[in-house]
Amino acid sequence: MNMSLSKLLLATTIAAALGTAVPATAPAKSPAAKSATAAKVTVDSKVKSQFDALTKEWYEQSMLLSPINATQQGDHRYDDRIDDLSAAGRNKGLAFSRNLLARLDKLPLNKLSREDQVDALILKNDLRSNIFSSETLQSWAWDPQIYSGIAGSAIYGLMARDYAPIEQRMQSAITRIGLIPQILQQARENLDPARVPKTHAETVARQNQGLLDLIDNYITPNMESLNAADQARMNDAVAKLKVAVDEHQKWLDGTLVPNAKGDFRLGAKLYDQKLKYSLNSELSRQEIGRRAEAEMTRVRKDMYSIAQKVLKDRKDLYLGSKPSEAQQQKAIEAALELAYADKPAREDLVPFARQTLQEATDFVRTHNLVTMPEAPVEIILMPKFQQGFSVAYADSPGPLDKGQKTFYAVSPIPEEWTDTQVDSFLREYNKRMIHLLSIHEAMPGHYLEGAFSARNPSLIRAVNRSGLFAEGWAVYTEDMMRKAGYLNNDPLFHLMQLKFYLRTISNSILDQGVHVNNWTREQAMDLMTRRAFQQEREAAGKWVRAQLSSTQLPTYFVGVQEQYDMRRAAEKAWGKNFKLKEYHDKVLSYGAPAPRFVRELMLGEPIR
């Protein structure tokens with residue numbers, strides 16, 4: 001994509017967000033339209049104009065304040081700039097958020113359309129979250145992942161997708177590579193080793209050299225696209241980056257890691273505040289915990305019912321109707337062993353993921369479960385600078401980068417792992433589990449949902465895509481595909497789907513346990529390996545992830561609970577007119593705000 005077309009696309013999207021254009025793809029009509037009609041509001045044109053102006057100002061300033069995020073969103077006006085992570089840059093962003101929020105709070109939202117009311121509430125939540133993060137949580141002072149992530153994304157965002165000619169992207173890369181040492185320097189200035197948790201420091205120390213892997217993988221192969229003078233500039237920038245990375249590594253190894261004394265636990269007060277902003281849900285931590293525990297009990301009971309069927313000839317196991325906890329545990333574990341035995345070879349992990357993606361795609365198309373997107377998806381090895389946090393993820397293109405690929409990234413098995421560790425990992429990610437992973441991350445999960453959300457004209461929703469909606473949808477599709485008959489109603493696939501759902505449930509319990517209830521590693525591992533049947537390698541990785549992050553792990557469970565609640569409400573409202581494909585298309589047409597907003601818009605409920 002050339003730059004002029006990209007700018008045209010940006011202008012079109014902003015105009016649509018401001019109410020001066022209609023969606024390129026109008027949401028499908030459905031019975032929901034009837035219920036929504038009664039909830040129409042009278043729009044005040046003056047208030048609408050004020051909100052549009054605030055939206056435009058928010059977008060323009062947000063992109064200026066974070067050029068690397070702008071690139072990821074598909075706005076390529078600032079591809080030759082980087083974020084200012086200094087105290088001055090941070091204070092500038094804080095002042096902007098405070099000013100805009102104060103002006104937004106003065107607007108009478110009930111005089112806006114229902115769609116704009118939702119956008120205003122999303123924007124308010126985002127601004128309040130930014131203020132909280134900068135002033136109260138102060139992640140900039142204790143989380144080194146911020147800096148390593150931005151430094152890596154500065155290159156990756158430019159080079160991973162062909163949004164513009166390679167010559168143009170390489171020109172931007174020359175400038176950004178020359179500026180990355182500034183990010184590393186600001187990390188050393190901002191971070192207080194006494195506040196940095198040990199796990200955070202060690203993880204970033206392992207990731208640091210991944211910056212140079214990005215040079216090897218994305219820059220070196222494209223050097224011939226530059227003329228001799230620009231090649232010299234690039235070589236100079238890369239040479240200085242190597243020096244900066246080495247200098248930073250010495251600081252990480254010699255200063256940060258040895259002196260990292262921070263507590264990774266947030267505590268109840270900070271956790272509850274962050275949870276509110278992260279989820280934008282009406283569920284409290286306590287209610288999430290109660291629901292999760294109840295679901296854990298229910299799902300384990302369902303897993304035992306499957307075990308009774310697939311192990312009916314096992315005389316050494318109790319398979320009666322009233323098992324003790326130990327008998328239930330033993331029977332489920334024995335049934336799971338049947339699925340664990342069917343695992344890919346180490347070298348076949350990524351090829352098999354590619355095969356499962358095709359099978360899931362064919363199934364969705366054949367069974368007409370949802371409208372299929374045209375945007376491409378590709379399985380890739382996870383870049384090193386992003387490894388160490390999760391096994392797989394979906395990397396959707398920015399909402400302004402139309403027609404670009406979604407990457408379904410799979411982390412390679414670490415070379416240093418022993419055969420025992422590899423076997424533990426592959427037992428967890430057996431063939432049926434990889435089918436579920438491809439459903440969740442790609443089809444009809446994150447990839448499809450991301451492709452749909454990019455069609456919605458709201459720029460606010462595009463830039464602030466709800467993690468609660470995205471993760472909830474992805475988990476919802478696992479159960480939906482199984483009920484539609486994926487893998488021919490294989491009971492072991494059903495068993496693995498329930499086990500995968502147990503992981504979703506245990507994620508929300510784990511996050512609270514670690515950050516509020518001061519769980520030890522032993523308590524966390526017991527939840528994951530015994531109650532949720534996870535393999536040691538998966539559980540050990542999740543224990544690290546729970547330390548490195550907070551309030552993200554509950555998004556899966558809370559999101560899917562709200563997805564289930566929404567579908568039940570739609571089935572009740574639409575009655576005999578309910579059709580699954582029509583429902584899915586409608587849910588996905590709103591641009592991925594928090595699920596409660598989708599439900600309110602779709603069913604005509606009050607906007608809260």
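User: How do the residues lining the second largest cavity divide by class: nonpolar, polar, charged?
Analyst: Nine are nonpolar, with no polar and no charged residues. Keep in mind that this is a predicted model.

User: Which residues line the second largest cavity?
Analyst: The lining consists of L349, A353, V391, Y408, V410, F425, Y429, I434 and L437.

User: And which elements give two or more residues to that lining, the one of the second largest cavity?
Analyst: Those are α16 (349–367), β3 and α18 (431–441).

User: How much space lies in the second largest cavity?
Analyst: About 40 Å³.

User: Back to the helices there. At what angle do α16 and α18 pack, and how far apart are their axes?
Analyst: The angle is about 60 degrees. The axes lie 9 Å apart. That angle makes α16 oblique to α18.

User: What hand does the crossing of α16 and α18 have?
Analyst: Right-handed.

User: Now β3. Which strand order does its sheet have?
Analyst: The order is β1-β3-β2. This is an open sheet of three strands with mixed pairing.

User: Which strands stand at the edges?
Analyst: β1 (377–381) and β2 (392–395) do. Each has a single partner strand, so one side of each is left without a neighbour in the sheet.

User: By how many degrees are neighbouring strands of this sheet turned against each other?
Analyst: By 20 degrees on average, ignoring direction.

User: β1 and β3: parallel or antiparallel, and over how many bridges?
Analyst: β1 and β3 (residues 406–410) pair in the parallel sense, over five bridges.

User: Which residue in β3 is the bridge partner of E378?
Analyst: F407 is the partner of E378.

User: Different topic. How many cavities of 30 Å³ or more does the count come to?
Analyst: Three. The largest cavity holds about 110 Å³ of space.

User: Which residues lining the largest cavity are the closest to its centre?
Analyst: Y147, S148, V204, N208 and H248. They belong to a lining of 15 residues.

User: Which elements give two or more residues to the lining of the largest cavity?
Analyst: Helices α8 (145–159), α9 (166–190), α10 (198–207) and α12 (228–259).

User: And how does the lining of the largest cavity split by class?
Analyst: Ten residues are nonpolar and five are polar. No charged residues are in that lining.

User: Quick recap on charge: how many charged residues does each of the two linings have?
Analyst: The largest cavity has no charged residues in its lining. The second largest cavity has no charged residues in its lining either.

Methods. Residues numbered from 1 in each chain as written. Predicted model: local features only at pLDDT ≥ 70, side-chain atom pairs only at ≥ 80, totals over all residues. Heavy atoms only, no water. Pairing = 2+ DSSP bridges. Helix = DSSP H or I, 4+ residues; strand = E, 2+ residues; numbered from the N terminus. Axes fitted to C-alpha atoms, helices over the stretch in contact; angles between N-to-C directions. 1 Å grid on protein atoms, 1.4 Å probe; cavity = no way out; pocket = protein on both sides within 12 Å on 5 of 7 lines; lining within 4 Å. Points joined across faces, edges and corners; volume = space filled by probe spheres on them. Nonpolar A, V, L, I, M, F, W, Y, C, P; charged D, E, K, R; others polar. Parallel < 35°, antiparallel > 145°, perpendicular 65-115°, else oblique. Left-handed = near helix turned anticlockwise from the far one by under 90°.
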